[in-house]
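Where does a protein leave room for another molecule? Look at the model below, and then read on for a short tour of its empty spaces.

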Amino acid sequence: ALCRLPPPSQTAMDGSGASGEAERPRHHPFLIGVSGGTASGKSTVCAKIMELLGQHMVDHRQRKVVIVSQDCFYKVLTPDQKAKALKGQYNFDHPEAFDTELMYQTLKDIAEGLVVEVPTYDFVTHSRLEDRITVYPADVVLFEGILVFYPQKVRDMFHMKLFVDTDSDVRLSRRVLRDMSRGRDLEQILGQYTTFVKPAFEEFCLPTKKYADVIIPRGVDNMVAINLIVQHIQDILNGDLCKWQRGSMNGQGRSLKRAIGEQSDLPNGAANLPGKRVLLEPSSRPH
Ligand SMILES: Nc1ncnc2c1ncn2[C@@H]1O[C@H](COP(=O)(O)OP(=O)(O)O)[C@@H](O)[C@H]1O
Ligand SMILES: [Mg+2]
């Protein structure tokens, strides 16, 4: 069963975070990074995982599983860059296109169990919108994007890393359909793809596949892989995620093994099965 969370009482952005809430124990979510090339099916896989965890129809404040997209962290473009973007001449697939620092800080706050505000981005005007999305603490946070494994400090925060591996011709054809439905013309879509999307995928995204714990061929069509992953997440949650503290990530100096050892006095016996301990190994080591 998923654990209960205290009602959120502050946002991560107002600076009251650590000091005001010092006495109340926070829940540290299980962070899953999901990467893969453009139109590989990252969002679809995340939605499926959420659905299978029984979370898709739940009110967003009650959710124990949330999805955050790297797309929200695109940098605000200058008028000059915006003009380029409208002509398909801006590289949205380069690591520089993302506000990595904001992404890192946001993920760090999420990892610490804070309420965070995520910017929203408009693909038509290529600008950050006034509206922000409030993300409430959850047990599982899926963070998806083409380059979520590229910056090491972001990559190192994930407890599980998934890479959706879909053939590039399948991705290109999906991408063309998606961009056309956004009102862009074929020539420009294909020009951008060959100039920026494909080279950046090969230079920046594909090399991060080696950091993945699980590679999912064919995305959501691969229900064997998705079911295995969901089962694994459920095992972790049933092992009493709420009591689970990660020392190495939040600088409290407690090792993961020790934190798990401390669960030995809990009534929940499942957490103490040797097999379960293996499931809680962090996954930040490159293979
Ligand atoms: N297995 C699949 N079969 C058919 N279409 C799919 C599949 N996975 C995703 N799609 C479609 O492909 C497009 C891109 O998928 P999406 O999940 O948004 O990819 P990403 O988030 O990696 O860009 C969407 O229109 C989606 O509905
Ligand atoms: Mg997506």
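## The largest pocket

The largest pocket holds about 700 Å³ of space. It is lined by 29 residues, and those closest to its centre are Phe123, Arg175, Arg178, Asp179 and Arg182. Keep in mind that this is a predicted model.

Which helices help to build the lining of the largest pocket? H2, helix H3 (79–86), H6 and helix H7 (186–205) each supply at least two of its residues. H6 gives the largest share of this lining, with four residues. By class, the lining of the largest pocket has eight nonpolar, 11 polar and 10 charged residues.

## The ligand inside

What fills this space? The largest pocket is the space taken by ligand 1. Around ligand 1 stand Gly37, Ala39, Ser40, Gly41, Lys42, Ser43, Thr44, Arg174, Arg178, Val220 and Asp221. Two of these classes deserve a count: five residues of the shell are polar and four are charged. Two more are nonpolar.

Two helices, helix H2 (42–52) and helix H6 (168–181), each supply at least two residues of this shell. H2 provides the largest share of the shell, three residues. In the lining of the whole pocket, by contrast, the largest share comes from H6.

Arg178 links the two views. It is among the residues closest to the centre of the largest pocket, and Arg178 also belongs to the residues around ligand 1.

Three contacts with oxygen atoms of ligand 1 are set out here.

| Residue | Part of the residue | Distance to an oxygen atom of ligand 1 |
|---|---|---|
| Alanine 39 | backbone N or O atom | 3.1 Å |
| Threonine 44 | polar side-chain atom | 2.5 Å |
| Arginine 178 | polar side-chain atom | 3.0 Å |

How much of ligand 1 does the protein bury? Taken alone, ligand 1 exposes 560 Å², and the protein buries 67% of that.

## Cavities

Now turn to the cavities. Rolling a probe the size of a water molecule over the atoms shows where empty space is left. How many cavities of 30 Å³ or more does the structure hold? There are five.

The second largest cavity contains about 60 Å³ of space. Its lining consists of Gly37, Thr38, Asp93, Ile146, Leu147, Val197, Ala200, Phe201 and Cys205. Six of these lining residues are nonpolar, two are polar and one is charged.

One name returns here. Gly37 lines the second largest cavity, and Gly37 is also one of the residues around ligand 1.

Methods. Residues are numbered from 1 along each chain as its sequence is written. Chains are lettered from A and ligands numbered from 1 in the order in which they are written. This is a predicted model: local features need pLDDT of at least 70, side-chain atom pairs count only at pLDDT 80 or more; totals for chains, interfaces and linings use all residues. Side-chain values use heavy atoms; hydrogens and water are left out. A residue is near a molecule or strand if one of its heavy atoms lies within 4 Å of it. A polar contact is a pair of N or O atoms within 3.5 Å; within protein, one must be able to donate a hydrogen and the other to accept it, and residues adjacent in sequence count only if both atoms are side-chain atoms. Accessible areas come from the Shrake-Rupley method with a 1.4 Å probe; for residues, only the protein chains shown count as cover. On a 1 Å grid over the protein atoms alone, a cavity is a set of points where a 1.4 Å probe fits but cannot get out, and a pocket is an open set with protein on both sides within 12 Å along at least five of seven lines; lining residues have an atom within 4 Å of a point. A molecule sits in a cavity or pocket if more than half of its atoms lie within 2 Å of its grid points. Ala, Val, Leu, Ile, Met, Phe, Trp, Tyr, Cys and Pro count as nonpolar, Asp, Glu, Lys and Arg as charged, and the others, Gly among them, as polar. Grid points are joined across faces, edges and corners, and a volume is the space filled by probe spheres set on the points.
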